[in-house]
Structure formats: C-alpha cells, structure tokens
Amino acid sequence: MIEISNLTFRYREGSAPVVRDVSLTIPDGTFVGITGAAGSGKSTLTYAFNGIIPHCYPGDFYGSVVIDGLDTCTASLTDVSRLVGSVCQDIESQMVSSVVEDEILYGLENFGVPKDEIGRRVTEALDAMGIADLRHRSIAGLSGGQKQKVAVASVIALEPRVLVLDEPTAELDPASSVGVFELLRRYAREHGTTVIVVEQKIALLSEYADELLIVDGGTVVFRGAPAEVLAHSDELLEIGVNCPRATSLVNRLRRRGLFAGPAARNVDEAVAACKEVLA
Amino acid sequence: MSGGFLEYVPGDSFLHRMNPVAKLASAFLLVIACFATSSPALLALVLVVDAVLAVRCDMVAQTIGLAKAVCAFSLLLALIALLFTPAGDVLVALPWGYVGTGSIAAAVLIVVRLVACAVPLFLVFYVTKLTDMANAIVKVLHVPYKYAFAFTSTVRFIPVFMNDMAGIMEAQTARGVEFDGSLAKRIRLMVPLCVPLLVSSVRKTNSAAIAAEVRGFNLRTRESGYKDYPFAAFDVAAMAASAALVAAAVALGLLL
C-alpha cells in the first residue's frame with residue numbers, strides 16, 4: 001500500500017512548489033494512471049513514489065510518502081528501489097549495456113538475487129514483455145518500442161511491489177503503445193503489482209487504469225475510476241487535458257439529459273451510448 | 001562499418017570466446033612487443049598474427065579500414081622521421097642533414113609498427129561486449145566497479161552525444177547557418193554549439209545516474225556479476241604466446 005500524506009515539494013532552484021499538499025492512498029495491485037498538462041507536476045509526483053525526490057533532486061520536501069511501511073524520505077534510495085521499480089522517461093540513457101540480456105541482468109546482479117534464480121527471472125521478464133527473441137540482440141539495433149519493452153523487462157525482473165513508469169509510450173506509435181499497456185496490465189494482474197504510469201494519452205490510460213489521477217498546478221484535481229473522471233471533460237479541457245472525442249460526444253448527450261449512463265472511454269462505448277439514445 | 005563506435009560485432013571466433021581480460025592482456029603485450037622491437041621480421045610476424053585474427057573474426061574490411069586510418073595518421077610521424085633521421089646512404093641532402101636509406105627505413109618502421117599494434121586492440125574492443133569487458137575487469141583484476149562503469153558509460157554515450165550534436169547542427173542549418181566551407185570555418189561555427197550540447201549531456205548523464213542508482217548501482221560489488229570469467233587453456237596460451245613475442249622483441253633488441 002502506498003500512503004502519501006500532505007506532500008509538498010519545491011525544487012531548490014524553483015520559486016514555487018511543483019507538488020502541493022497531495023494526499024493519496026493507493027491499495028496494492030491498483031493500476032493508476034496519472035495525466036495532466038505539461039508542467040503540471042505529474043513527473044515530479046512520480047519521483048515521490050520512487051524516492052527520486054528527495055534523494056536525487058535537492059529541494060524542500062514536506063509531508064510523507066510511505067510504501068509498504070517504508071518512509072521514502074528516511075530510507076535510502078536503494079532501499080526504496082527494492083520495493084519500487086522505475087522506468088524513466090529517457091530510455092536511451094537508462095540503458096547500461098549493449099546487449100538485451102545484460103541489461104536485464106544488471107539490476108538482478110546489483111540487488112544480489114541468488115544466481116540460481118537469476119536465469120529464471122531473466123527468462124520470465126523477457127517472456128512477460130514478449131521479447132524472448134530479442135535476448136541476445138544488440139540494444140543499439142532495436143526499435144523504440146522494443147527498447148521500451150527491454151527497459152520495462154529490466155525493471156520487472158526485479159519483481160518490485162510497485163512499478164512506476166514515466167511516459168512509457170512517449171516515442172511509440174499507437175499500436176506499440178497499446179502493446180506495452182496490454183503487457184503491463186497482464187503482468188500486474190498476474191503478480192499483484194501496483195502500477196503507476198504517467199501518460200499523455202488519456203484514452204489509453206482510461207482503457208487500462210483502474211484509477212485516473214488528473215494533476216494540475218501540482219495538486220490532484222480529479223481522482224477516480226476513468227468513467228467518473230472522464231465525465232468532467234469540459235473541466236479537463238480547461239486545464240489542458242484533451243479527452244477523446246467519443247467521450248466529449250457522450251458527455252454532451254449526458255448534459256442534455258439524453259443519456260444517463262457513464263462517460264464513454266472509447267468509440268465502442270460511445271457507439272453503444274448513441275444506439276441507446278437513438279433507440 | 002556496420003555498427004557504431006566500439007559497437008560489439010557478434011561472432012564466435014577464437015577471439016570472441018577468449019576471456020576478456022586475457023584478450024586485453026594479450027593485445028597490450030603485442031603493443032609492447034611492437035614498440036620494443038625494430039626488427040622487420042618480428043613486426044612482420046605481428047602483422048601476420050593481425051591478419052589471421054582479422055580473418056578469424058570476420059572483420060577483414062573493418063580492419064583494413066582501421067589500418068588505412070592508422071597509416072594516414074602515422075604519415076606525419078613518418079615524415080618527421082624521414083626528415084630528421086639522418087642514417088644510411090645519402091639520398092637527398094638537406095640544410096640540416098640528409099635523407100638516407102636509413103631514414104626511409106625508420107619512416108616505414110613507424111607506420112608498420114603503429115598499424116601492427118593498433119589492429120589487435122581494435123579487434124579486441126570490437127569482439128568483446130563492453131559489459132563483459134567491464135565485468136571481467138572488475139571480477140578478475142579487482143578494479144572497483146565504479147571505474148569500470150565510468151568507462152563503459154563514456155563509450156556508451158559517445159554515439160548519443162554525436163547524435164545530439166548532429167541534431168543541434170541540423171537545427172542550426174535549418175535556421176540558415178552554413179556549415180559547409182573550410183574546416184576552420186566549420187570549427188568556428190561549431191564552438192558555440194558546445195553549450196547546448198553540454199546542457200543536454202549533463203541532463204542525460206544525470207538521468208543515467210539516477211536510472212543506475214534505482215537499479216541498485218550502490219550495492220554492486222565484485223561478487224555481483226552473474227557471469228564468471230574463468231581462464232581457459234587457450235587464454236593462457238594466447239597470453240604466453242604474446243609474452244613470448246615481447247621476450248623475443250627484447251632479446252632481439254639486446255642482440256642487435
């Protein structure tokens with residue numbers, strides 16, 4: 001379980017806090033999607049989950065973040081990393097090896113996973129991301145989507161309780177983006193892992209997340225199941241979060257009292273809603 | 001060359017399978033042998049070894065490319081040797097001495113020596129995965145991991161930074177900067193671009209450091225590596241053969 005209470009963080013070089021008075025409780029095994037406009041503080045919020053603040057960026061840190069009983073502020077970053085696996089935004093600079101297998105091995109070696117278990121973990125992580133065939137390939141020769149999967153595999157091999165991903169599909173085409181989310185969801189369900197993912201593509205998040213967090217000005221302005229959050233498409237647009245057109249359409253029908261069901265997350269749901277209205 | 005700078009060339013030659021430390025040691029011993037001798041026979045022998053290694057690694061084209069580059073680079077040194085080593089029969093008189101048959105021999109020797117010693121190092125770096133080299137150095141030679149990591153990171157970031165620089169230059173070209181022209185002009189135009197390059201590289205190295213740290217960088221010890229790098233008989237044989245070449249080079253030097 002993750003408990004954030006009254007978290008406020010200001011970077012040392014910044015004049016105003018980037019995260020303001022955020023309090024959250026996230027139960028184990030939840031798939032949480034975080035989105036918001038650029039500069040809303042969503043990346044900084046993920047740094048709170050994986051201990052990168054306050055450990056790597058100096059600044060004023062108020063409140064507390066407790067993960068499975070471990071206070072990220074007093075524990076070392078290494079200890080936080082045993083619980084929380086992070087996939088950073090910049091995949092290219094995250095890679096430490098030239099070959100896929102070595103990249104997966106890196107964290108396992110560092111955290112002292114017993115050698116007789118390492119082989120299994122590498123195979124499982126590669127299988128979970130569907131990249132078993134890339135095992136001996138050179139990383140430089142991989143596509144963006146493949147690199148992304150390698151980065152995720154290298155972290156899930158550590159079997160973290162919580163997985164934090166910052167824009168894992170930023171450089172991917174729509175099909176690969178769906179592929180990455182599909183694999184993430186399956187893995188998280190099988191292992192009971194809590195997943196926290198920052199993502200611009202709200203439609204994608206709505207499909208896969210159990211819970212959506214919308215961040216604006218460093219605070220969580222909306223929080224709930226995707227359909228609940230998407231019901232506020234007009235307010236979301238005002239803070240720079242564009243909802244899918246299907247959602248806006250159904251919300252209009254809802255506002256005019258023509259449709260009483262939940263907000264649509266995708267075209268299929270919107271089609272169903274329209275059929276109901278027209279019937 | 002197919003891959004980028006120091007990018008691993010896969011294969012399963014003798015050199016690929018050797019222990020990384022043994023490879024490095026043998027390559028350095030060959031370098032020492034090349035510099036310890038002036039014997040054309042011995043240098044020719046090293047060149048033959050180079051050629052065999054290149055063929056076995058299936059890297060003939062790349063090796064010829066390297067040899068050409070080293071030749072071009074060493075021509076300047078050769079020219080200096082040619083002009084300032086008055087030896088042998090006089091061929092051309094110069095105000096400060098003369099160019100003789102011995103001068104030509106000295107110049108040729110410099111080129112041959114540099115090519116002969118560059119090839120083994122070049123091959124070793126291309127047929128060894130950088131991670132294996134670093135891990136083996138940590139395990140076998142007990143070098144602290146952070147130094148090995150600094151080395152691999154440096155090499156890994158070279159193409160990244162080159163890519164960044166190309167991107168910055170393209171952005172400048174798109175805004176009307178003309179990078180064609182003389183080398184001096186190009187360098188003058190490139191100097192101010194080092195600032196954005198520095199900013200982006202500091203940012204990248206910072207995120208790389210964080211990424212390594214959250215994957216347990218600080219916990220890594222000499223025992224951490226999953227793979228072991230034992231010395232096989234042919235590793236010992238290769239190092240012994242290279243050491244024998246050094247001994248031969250030194251012995252020949254003393255006799256002549």
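These are my notebook entries on the sheets, helices and chain contact of this predicted model.

**Ground rules.** I count residues from 1 along each chain as its sequence is written, with chains lettered from A and ligands numbered from 1 in the order in which they are written. The model is predicted, so I accept local features at pLDDT of at least 70 and side-chain atom pairs at pLDDT 80 or more, while totals for chains, interfaces and linings use all residues.

**Entry 1: the mixed sheet of chain A.** I looked up the strand order. It reads S6-S7-S8-S3-S9-S10, an open sheet of 6 strands with mixed pairing. Strands (E, at least two residues) and helices (H or I, at least four) are DSSP runs, numbered from the N terminus. Strands pair if DSSP finds at least two bridges between them. Strand S6 (84-87) and strand S10 (219-224) of chain A are at the edges; each has a single partner strand, so one side of each lacks a neighbour in the sheet. The twist averages 20° from one strand to the next. Next I checked one pair inside this order. S3 (31-36) and S8 (194-198) of chain A run parallel over 4 bridges. There A:Gly33 is opposite A:Val197. Helix H7 (144-156) of chain A packs on the sheet and touches S6 and S7 (162-166). Its direction makes about 165° with that of S6(A). Angles run from 0 to 180 degrees between N-to-C directions, with axes fitted to C-alpha atoms, for helices over the stretch in contact.

**Entry 2: S1, S4 and S5 of chain A.** S1(A) pairs with S4 (59-67) of chain A in the antiparallel sense over 8 bridges. A:Tyr11 stands opposite A:Gly59 in S4(A). I then followed S4(A) to S5 (70-71) of chain A: 2 bridges, antiparallel. A:Ile67 faces A:Leu70 across that pair, standing opposite it. The two strands form a hairpin with 2 residues between them. A:Asp68, in the turn, has a positive phi of about 45°.

**Entry 3: backbone oddities of chain A.** A:Asn6 also has a positive phi, near 45°, and is not a glycine. A:Asn6 sits in S1 (2-11) of chain A. I also found a cis peptide bond between A:Ile53 and A:Pro54, with omega about 5°. A:Pro54 belongs to helix H2 (52-55) of chain A.

**Entry 4: a helix pair in chain B.** H4 (60-84) and H5 (101-127) of chain B pack at about 150°, axes 8 Å apart. They are therefore roughly antiparallel; the term covers angles over 145 degrees. The crossing is right-handed, meaning that the near helix is turned clockwise from the far one by less than a right angle. Among the contact residues are B:Leu66 and B:Val70 of H4(B), and B:Ile110 and B:Leu114 of H5(B). Contact requires C-beta atoms, placed from the backbone, within 7 Å. By class I get 19 nonpolar, 3 polar and no charged residues.

**Entry 5: domains of chain B.** The domain assignment gives domain 1 (14-128 + 229-255) and domain 2 (143-219). Their C-alpha centres lie 33 Å apart.

**Entry 6: chain A against chain B.** Which elements of chain A give two or more residues to the side that touches chain B? They are H3 (77-83), H4 (91-94), H5 (100-110) and H6 (115-128) of chain A. The contact takes 29 residues from chain A and 25 residues from chain B. H5(A) gives the largest share of the chain A side, 7 residues. That side has 12 nonpolar, 12 polar and 5 charged residues. Here Ala, Val, Leu, Ile, Met, Phe, Trp, Tyr, Cys and Pro count as nonpolar, Asp, Glu, Lys and Arg as charged, and the others, Gly among them, as polar.

Notes: Two residues are in contact if their C-beta atoms, placed from the backbone, lie within 7 Å. Angles under 35 degrees count as roughly parallel, over 145 as roughly antiparallel, 65 to 115 as roughly perpendicular and the rest as oblique. Domain bounds come from an automatic or database domain assignment.
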